[in-house]
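Colleague: Before I set anything up from this model, could you take me through its helix packing, its confidence and its unusual backbone geometry?

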Amino acid sequence: MVSTIKPKQVNFNDLWPIVLTTVRSVINMSRYGHTDQLTWQNRFSDIYDMCAATPDSYAEKLYEETTKFLEDHCISMKKDIVESEQNMLNIYVKYWTEYKMGAEHLNSLYTCLNNLIVKKHLVTEPENNMILEYTIELNDQSPVEIGEMALDCWTKIIIEPLKDRLVKLLLEQIYLDRIGECVNQTIIKNVIISFVDVYQYRKINTLELYENSFESHFLQTTGEYYREEGNHHLAKLNCIQYMKKILLFIDDEEFRSRKFLNPTSYIKVNNECLQRLVCDHYDTLKNECNELILQQDFDALQNMYKLLKPTHIGTNYMVEQLQANITYIGNEKIQSLKGENLPTLFVETLLELHTKYLNIIRETFANDPDFISSLDKACTIIVNMKNGNCLSAKAPELLAHYCDNLLRKSSKTLTENEIEEKLLHGITIFNYLEDKDYFQRFYQKMLARRLINQQSTSMDAEEFIVTKLKEICGYEFTAKLARMFQDMKVSNDLYIKFLDYLKSESSSNVQNQTMTNLIGLDFNIYVLQANSWPIAQLTTNTFLIPQPLEKPLHLFEAFYNKQYNGRKLCWIYNLSNGEIRMSHLDRSYVVTMCTYQMAILLIFNQHDKLTLHEIAESTKLNMKELEKQILPLIENKFLLNNTNNLTSKSIISINFEYKSKRTKFKISTTIHKETRQDSEISQKIVDDDRKFYLQAIIVRIMKSRKILKHNLLIEEVITQSKLRFIPSIHLIKKCIEILIDKQYLERNLTDEYTYIA
């Protein structure tokens, strides 16, 4: 900073008494009154003149005289404070408040002197453009501003000799406040904060005096007080009552800290209270924890959480006990499930458990991530329990059935929003599945049935859940499902093209020709990619297509071969169905049934009765499949059987007396029921797919790394496959051996694998 100072001659002995009078008035305002503005400006000028005096500046002498006055004033105040005895804190605060304010005003009054003290100044004389240098040489190594020097005098002369007595009195007053006695809170606060304020000009260690002289003693006495209080109350209260009591102690002490202490002490005081009231008695709380969880005393658990969370001990034990309890309750609930609608019961029971404890964690444990993680782990254990819990072992299949029940058309009508909400419930459970690929296989089979039989309640809902699965498991997981939807859209386009093809081949000039007009019946087909759909033609079945269906099939094959060269169509009759009109009765009925059943009924256009053997010869169905298909026709009274049990010689005749209130309905077949054998077959397919999936992952990893240690390879494979399923170490090793046999990998002597393909 550069300023212009015009030196002039002054008499220090004449000016100093005048300045001292103002200084005395500023520092002891209660005795001498306020200084008016004119006097203040005159003293400011006098100090300026003394600093800029010529031939020699009086700055150094002014600094020394001011210091001497402040020291004498502090000595005088110290005497009064000491003599006040029991009223010491009140007198101390009275003098300190006035002295602190006076020191601030003096620092402003001595601005010119402070500028010279802080550093050397370069001053320019306007008349001759000379540069004058003024420096002050003081005994102190680092001169400080007047305001800081005034506070240093207070510290050195008053606080240092009296701090032990002051602190003792403060601790006595705080103890009285703890036991409910009336104390002067303002006095206590001001004395304590004075230990901070006297170092306000310092740039480092600003809390040194406060921490060493007061805070350390305060923390020690606080710890001793609450150690005694904790032992006393624990001896006469049970654990629940004790936790309530010490929470009140901690709240009171926190409030007291904010009344009296510097903010840096808040956390230290809280930690000291927790150490003496909580950590020292942790075994008592720990022994009570499990019982509180079993009793579901969430108020007490919330108190325990509040007490343990801020401590170094933490809430790990509570988290472990809650997880164990949720796991036990969940397994008990799942094992007790019975009834026909097990998929819905399974999902809703798990969801109810999950929702209940999620709300408990939110309300009792402040949505703590550790407790949420314990809930996730417990639900994962429940959902994936393989031993001793048959339902959990079938969790992927049950969840797939749950989704199928929601997405398949039924008499229960739900709105679009309700369906999506329930599907999200299913997704919540899906997140806990380890064998997600099992779910995928079951879900894919059920989706295929819904699409082929046009039983989907909403395509938007179908695409909604596939999108959610894709978000969780990635594109590869839902690729086949997406291709299934694509096949349905392509098939609709093919239907339109096929109709146009028939019109172009027809010699008729009739406008708006329909499929029925062109080929004699309404014919619709789905062309499905063999590797995207979990279906296959039953190779054990032979079947002679009914004559009315031969023409449409041949026409479509001719059309398709023109459209796509080199593709082969394979008709899956066991999944096909059609509508047949029954006009031989007193009223006409339209019945939807599978192709095999339709072929059986069409035979009776030429015959009134046939043996089961003759029907088998006409349809070329094997006897087992024929019995499965003809039984629903007999049960629904379309056909009559002359024997109780079906045999090859049983005579089957058409029922001309059939009557029904409905004129349009569908015949259900056992093909829609999932048998245990079907589930086992699906699981075997998934197990085989897992081997190929893991082999592909291993090759991909090794192709990238070239050389990799055995344990690192195992870890990497588990990491990459866990979104789909959790592979066993045994299965991974088996896949590695297969790849070694196929000469993709080579095992080194150092337990490393090398990629060689």
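**Helix packing, confidence and backbone**

Modeller: Helix 1 passes helix 3 in a left-handed crossing, and the contact is made on one side by Phe-12, Leu-15, Ile-18, Val-19, Thr-22 and Val-26 of helix 1. On the side of helix 3, the partners are Thr-39, Trp-40, Arg-43, Asp-46, Ile-47 and Met-50. This is a predicted model.

Colleague: Are helix 1 and helix 3 parallel, antiparallel, perpendicular or oblique to each other?

Modeller: The axes of helix 1, residues 12-27, and helix 3, residues 37-51, come within 10 Å and cross at roughly 135°. Angles count as roughly antiparallel over 145 degrees and as roughly perpendicular from 65 to 115. The two helices are therefore oblique.

Colleague: How many residues of each class does the contact of helix 1 with helix 3 have?

Modeller: Arg-43 and Asp-46 of helix 3 take part in this contact, and the class count includes two charged residues. The full division, by class, is two charged, two polar and eight nonpolar.

Colleague: How are helix 20 and helix 22 oriented to each other?

Modeller: Helix 20 (residues 436-452) packs against helix 22 (residues 475-505) with the axes 10 Å apart and an angle of about 5°. Among the residues that meet are Tyr-443 and Leu-447 in helix 20 and Phe-477 and Met-484 in helix 22, and the contact divides into nine nonpolar, two polar and three charged residues. Since angles under 35 degrees count as roughly parallel, the orientation of helix 20 and helix 22 is therefore roughly parallel.

Colleague: Which stretch has a pLDDT below 50?

Modeller: The mean pLDDT of the protein is 86, and 91% of its residues reach 70 or more. The stretch with pLDDT below 50 nevertheless has 43 contacts in the model beyond near neighbours in sequence, and it covers residues 120-140.

Colleague: Which residues does a cis peptide bond join?

Modeller: Omega is about 10° at this bond. One of its two residues is placed in the loop between helix 3 and helix 4 (59-83). The residues joined are Thr-54 and Pro-55.

Colleague: Where is Lys-620, and what is its phi?

Modeller: Lys-620 is placed in the loop between helix 26 (612-619) and helix 27 (623-635). Although Lys-620 is not a glycine, its phi is positive, at about 65°.

Colleague: How far apart are the C-alpha centres of domain 1 and domain 3?

Modeller: The protein is divided into domain 1 (12-122 + 144-204), domain 2 (577-666) and domain 3 (678-755). For domain 1 and domain 3, the C-alpha centres lie apart by 80 Å.

Methods: Residues are numbered from 1 along each chain as its sequence is written. This is a predicted model: local features need pLDDT of at least 70, side-chain atom pairs count only at pLDDT 80 or more; totals for chains, interfaces and linings use all residues. Side-chain values use heavy atoms; hydrogens and water are left out. Axes are lines fitted to C-alpha atoms, for helices over the stretch in contact, and angles run from 0 to 180 degrees between N-to-C directions. Helices (H or I, at least four residues) and strands (E, at least two) are DSSP runs, numbered from the N terminus. A crossing is left-handed if the near helix is turned anticlockwise from the far one by less than a right angle, and right-handed if clockwise. Contact means heavy atoms within 4.5 Å. Ala, Val, Leu, Ile, Met, Phe, Trp, Tyr, Cys and Pro count as nonpolar, Asp, Glu, Lys and Arg as charged, and the others, Gly among them, as polar. Domain bounds come from an automatic or database domain assignment. pLDDT is the predictor's confidence in each residue, from 0 to 100.
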